[in-house]
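Welcome, and please get your viewer ready. We will go from selection to selection, with a short stop at each one.

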There are 2 protein chains.
Amino acid sequence: MRVPRTHELDATTVHYVWDNAIPPRIEIDPGDTVVFRCRDSSDGYYRRGMTSADVARRVSKGHPLTGPVGIRGARPGDVLQVDVRELVPGDLGYTSFRPGIGLLRDDFTEPYLKLWELRGQAAELRPGMRVPLAPFLGVMGVALAEPGAHVTAPPRSNGGNMDIKQLTAGSTLYLPVWVDGALFSCGDGHAAQGDGEVCITAIETTMTATLRFRVRRDIRLAWPELETSLARPRGRHYATTGIAPDLMEAARQAVRGMIGHLVERRGLSREDAYILSSVAVDLRISEVVDAPNWVVSAFLPLDIFGT
Amino acid sequence: MRVPRTHELDATTVHYVWDNAIPPRIEIDPGDTVVFRCRDSSDGYYRRGMTSADVARRVSKGHPLTGPVGIRGARPGDVLQVDVRELVPGDLGYTSFRPGIGLLRDDFTEPYLKLWELRGQAAELRPGMRVPLAPFLGVMGVALAEPGAHVTAPPRSNGGNMDIKQLTAGSTLYLPVWVDGALFSCGDGHAAQGDGEVCITAIETTMTATLRFRVRRDIRLAWPELETSLARPRGRHYATTGIAPDLMEAARQAVRGMIGHLVERRGLSREDAYILSSVAVDLRISEVVDAPNWVVSAFLPLDIFGT
């Protein structure tokens, strides 16, 4: 009987696209564990002392991903089970937005940067406003069936940049396998994020991720699925609503309402309100059937304010 | 100093449209409480012993709403604060779907009815599968500014049929006031519902609702907002994903994945899987910024299965 092994993969070598021609850095057996060291999504660009002026100067090549890892025996049609065992974020985080991208691209026309210190259990936006950390990887995925280079931004049937905040330590991700060996890679560490990630960044940081891999042939999947414990405790929340015949427009309306609330009632700048909405406010689809208007609600956990 | 009073409003008289010409059944002062008795959304049509064949025979006039209540002094531009103090559901619930409506209108082409006994803390779908009750009103709203009769189905800036499952006892709803006296009405009792209400019905039931009203002039709202404690405890969840360039299509994909999961892994019929998705599965917008593909995740709480 083989004893499962633990491997380590540092962040010296990364790849910036999904391409099933990239050879695996290591090959492992099902049941093995890999400790991945992952760069942050800016590829190490952001450092202490930088300001909003530095956002416009950054050129992105895509998410720097650590991998691929080949899993022996994994074949197209199988499911790769990824058990998320431990996630350790770095000690510096950033959240940024820039014109032309994000949910409220028309509302925010100047680039903006927020740096966070991550040494405790929460990150401080300002005195008295602390966002509890709940680390996860924004990107976990396998190689696509289609040949060639595919940008990392959109999530696809291979998982990838799904930004599902509930993929915290203790969760399990199930990914359909599209090529022999599965070719798993990961990155895009997030120390905290709201459902929606509305300004397009979470609290972005480096991550040391300990993941265990299994190959499942008893289930079939066309799309990723997951099992998780909800990361945040129940508690008092304040919510705004978006009511519109289009879910995207409803999401925009709910987030605009939340920004208005945070500015008027909590004294935040518009920019910090957008940042806080991205890293801590959860978008839920309240109803999607009461034609012609759907409801998206944006939930702000009030423990951020120590209440 | 006036002592706040408690009023009662029975369900003998209801209205089926929003129309600001409907005179208030009672007028109250700010600070007063009203105990509303509300019919179920079928207007009492469903009874024990009925079957799926009865779904097609039902003709709906709209939600039967108890009210309106006029709040003295409330004027357009004010905000009506509604404190949800107590919600007592009836002892019979129903969930139904029919062709042509609901999120998966193309997937389910036959009408279907599920009746629930609601005497405990949870409603049983089948032995070993129990949905915890978390009662709320699907409809709470005020009269619209626009004259004439408006159907109750779509939620609007007056609130109405928002189906926000977090409006449980202990929550507070803030509604913009559009006409003198606000003219508040409510109905559409739900014993439990998932975010999304995907098959178009929750666990529908009669409701006795105790609501306290205040008039707020220190806040301005264009859309409803609310404050709540999340009703469900944290716990283990299983989630499916929808990944698509349209949020509605992503929601459909996530719910189809959940139905497939419930059928294959939990042995439910497709119809019961759709029902369970509507009454217990939560749709969350995981990300809405990683162009061109958005992610909607559907979360199934596993405590339903006693695990």
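For our opening stop, contact means heavy atoms within 4.5 Å. Keep in mind as you look around that this is a predicted model.

**Stop 1: where the two chains meet**

Color chain A and chain B separately and select the residues of each that touch the other. By that cut-off, 69 residues of chain A are in contact with 69 residues of chain B. The two chains bury about 5,800 Å² between them, and 55% of this area is on carbon and sulfur atoms. Now show side chains on the chain A side: A:Arg236, A:Arg284 and A:Ile285 lose the most area to chain B, together 12% of what that side buries.

**Stop 2: salt bridges across the interface**

Stay with A:Arg284 and add B:Asp195 to your selection. These two form a salt bridge, with the closest N and O atoms 2.3 Å apart. Next, pick A:Asp195 and B:Arg284, which also form a salt bridge, their closest N and O atoms lying 2.3 Å apart. To follow this pair along the backbone, start at A:Asp195 in the loop between strand S15 (184–190) and strand S16 (207–216) of chain A, then cross to B:Arg284 in strand S19 (residues 282–287) of chain B. How many salt bridges are there between chain A and chain B? The count is 2. A search of the whole structure, over all chains, finds 40 salt bridges.

**Stop 3: a helix pair in chain A**

Hide chain B for a moment and select helix H2 (residues 247–266) and helix H3 (residues 270–280) of chain A. They pack at an angle of about 125 degrees, with their axes 9 Å apart. That angle makes H2(A) oblique to H3(A). Turn the view until one helix lies over the other: H2(A) passes H3(A) in a right-handed crossing. Which residues of H2(A) and H3(A) meet here? From H2(A) come A:Val255, A:Met258, A:Ile259, A:Leu262 and A:Val263, and from H3(A) come A:Arg270, A:Ala273, A:Tyr274, A:Leu276 and A:Ser277. Colored by class, the residues of this contact divide into 8 nonpolar, 1 polar and 1 charged.

**Stop 4: a helix pair in chain B**

Bring chain B back and select its helix H2 (residues 247–266) and helix H3 (residues 270–280). Here the packing angle is about 125 degrees and the axes are 9 Å apart. H2(B) and H3(B) are therefore oblique to each other. The crossing of H2(B) past H3(B) is right-handed. To display the contact, show B:Val255, B:Met258, B:Ile259, B:Leu262 and B:Val263 on H2(B), along with B:Arg270, B:Ala273, B:Tyr274, B:Leu276 and B:Ser277 on H3(B). This contact has 8 nonpolar, 1 polar and 1 charged residues.

**Stop 5: backbone details**

Switch to sticks and zoom in on A:Gly67 and A:Pro68. A cis peptide bond joins them, with omega at about -5 degrees, and A:Pro68 lies in strand S5 (residues 66–71) of chain A.

Over in chain B, select B:Ala291 and B:Pro292. The peptide bond from B:Ala291 to B:Pro292 is cis, with omega near 5 degrees. Where does B:Pro292 lie? Look in the loop between S19 and strand S20 (294–301) of chain B.

Our last selection is A:Leu183, in the loop between strand S14 (172–176) and S15 of chain A. Phi of A:Leu183 is near 60 degrees, a positive value in a residue other than glycine.

Conventions. Residues are numbered from 1 along each chain as its sequence is written. Chains are lettered from A and ligands numbered from 1 in the order in which they are written. This is a predicted model: local features need pLDDT of at least 70, side-chain atom pairs count only at pLDDT 80 or more; totals for chains, interfaces and linings use all residues. Side-chain values use heavy atoms; hydrogens and water are left out. Axes are lines fitted to C-alpha atoms, for helices over the stretch in contact, and angles run from 0 to 180 degrees between N-to-C directions. Helices (H or I, at least four residues) and strands (E, at least two) are DSSP runs, numbered from the N terminus. Angles under 35 degrees count as roughly parallel, over 145 as roughly antiparallel, 65 to 115 as roughly perpendicular and the rest as oblique. A crossing is left-handed if the near helix is turned anticlockwise from the far one by less than a right angle, and right-handed if clockwise. Ala, Val, Leu, Ile, Met, Phe, Trp, Tyr, Cys and Pro count as nonpolar, Asp, Glu, Lys and Arg as charged, and the others, Gly among them, as polar. Buried area is the accessible area (1.4 Å probe) that two parts lose on being put together, summed over both. A salt bridge is a side-chain nitrogen of Lys or Arg within 4 Å of a carboxyl oxygen of Asp or Glu.
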